[in-house]
Amino acid sequence: MEKDILILAIESSCDETAAAVVKNGREVLSNVISSQIALHTLYGGVVPEIASRKHIEKINQVIEEALQEAGVTLTQIDAIAVTYGPGLVGALLVGVSAAKAISFATGIPLIGVHHIEGHISANFIENKELEPPFVCLVVSGGHSHLVVVKDYGEYEIIGRTRDDAAGEAFDKVARAIGLGYPGGPKIDKMAKEGNADAIRFPRAKVEESEYDFSFSGLKSAVLNYLNGCQMKGETIVEADVAASFQKAVIDVLVDHSMHAVKKYGFDKFAIAGGVASNSSLRAAFEQRCAQEKIQFYHPSPIYCTDNAAMIGVAGYYEYIKGVRSGLDLNAVPNLRLGER
Ligand code: KG4
Ligand code: ZN
């Protein structure tokens, strides 16, 4: 019998301090997340300075908890996987430094992982049968990418946002209608009470690219609509605004994704990232994929948000390919997918 491979994973790219232990790339032995959301809510968004300070306070505790919960010690760990980009530089540095320190002290190999590669790999945790190739839509607070997953660790980005990320649009619109941060889950909930056909917001197409996204025009349309109502003294039905805005985002995400899946001739499609928890988005993809006879995959919400288990999964596939990082590994805030 082959020896089990255990990866200790660390993630600190934004406002979550997280550590996990993953066995053989698909089994999560522990997944500890210390969220700073409550702290940043006070300021209406993530404050980078506060995020890095909080990561420093929490990182060792979170790593110890992850090992303890998994029932393993560092001596059993085969590699340490850590997010080294993209993200907030001061936040990334905390995880990278912790991982390098453990690697230096113990001799355990170090593997730098791309944050988006982690989000995509979250799909492998609960869908044991899922293997590349497939198309994956990554939608989070910082990213909106349409990616062809050619093989483990091999990606081609075919579509990206030209301006705001999908999650960013949710957060900005939520703020405009008086919901707090983070806005995505609040719009998701409020939209259930509203009429998605009440207001016709634009579905932006990007000239010269069939897969790129643009959400800033939609965000402006929502703001203009709200201002217009205020000026005319008309009542704003927030739930209708939330539902109509959400539908405009989802229509574009679904259309572009299904177009890509067909064009590339795959029968598998996955979603990932914080916005992938959105209940209407999931329902829309479930329906379209069933119609088009495409197998639809999505992680549970706990693996959609930033977490270290997904980094452990991506790290495992890099590990078995022989990828290793040196102790000169550094945080790369604007790291591109597929680059090392
Ligand atoms: O992946 P994530 O946790 O962090 C980044 O890497 O950005 O994504 C956070 C984003 C936030 O913009 C948040 O509002 C959005 O995901 N989000 C949602 C939902 N849950 C989180 N957006 C829409 N519907 C949701 N249910
Ligand atoms: Zn993320």
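Along the sequence, the residues that donate atoms to the zinc ion (ligand 2) follow the spacing H-x3-H-x186-D. The structure examined here is a predicted model. In it, the zinc ion (ligand 2) is held by the protein donors His 115 (NE2), His 119 (NE2) and Asp 306 (OD), which lie 2.0 to 2.1 Å from the ion. His 115 sits in helix H4 (residues 115-121), while Asp 306 belongs to the loop between helix H11 (301-304) and helix H12 (309-320), so this pair ties together parts that are 191 residues apart in sequence. Both His 115 and Asp 306 are buried.

The geometry of the site deserves a second look. Ideal tetrahedral angles at a metal with four donors are 109.5 degrees. Around the zinc ion (ligand 2), the four donor atoms subtend angles of 95 to 141 degrees, and the arrangement is therefore irregular; to count as tetrahedral, all angles would have to lie between 85 and 135 degrees.

Turning to the helices, the axes of helix H6 (residues 166-176) and helix H9 (residues 238-264) come within 11 Å and cross at roughly 170 degrees. This crossing makes H6 roughly antiparallel to H9. On the H6 side, Ala 169, Phe 170 and Val 173 meet Phe 245, Gln 246 and Val 249 of H9. Sorted by class, this contact has five nonpolar residues, one polar residue and no charged ones.

The buried residues of H6 include Ala 169, Phe 170 and Val 173, and also Asp 171. Among the elements covering the buried residues of H6 are strand E6 (134-139), strand E7 (144-151), helix H7 (183-191) and H9. After H6 comes Gly 178, with a positive phi near 85 degrees.

Key
Residues numbered from 1 in each chain as written. Chains lettered and ligands numbered in written order. Predicted model: local features only at pLDDT ≥ 70, side-chain atom pairs only at ≥ 80, totals over all residues. Heavy atoms only, no water. Donors = N, O, S within 2.8 Å, 3.2 Å for Na, K, Ca; no water. Tetrahedral: all angles 85-135°; square planar, octahedral: opposite > 155°, others 65-115°. Helix = DSSP H or I, 4+ residues; strand = E, 2+ residues; numbered from the N terminus. Buried < 20%, exposed > 50% of the residue type's maximum accessible area, 1.4 Å probe, protein only. Axes fitted to C-alpha atoms, helices over the stretch in contact; angles between N-to-C directions. Parallel < 35°, antiparallel > 145°, perpendicular 65-115°, else oblique. Contact = heavy atoms within 4.5 Å. Nonpolar A, V, L, I, M, F, W, Y, C, P; charged D, E, K, R; others polar.
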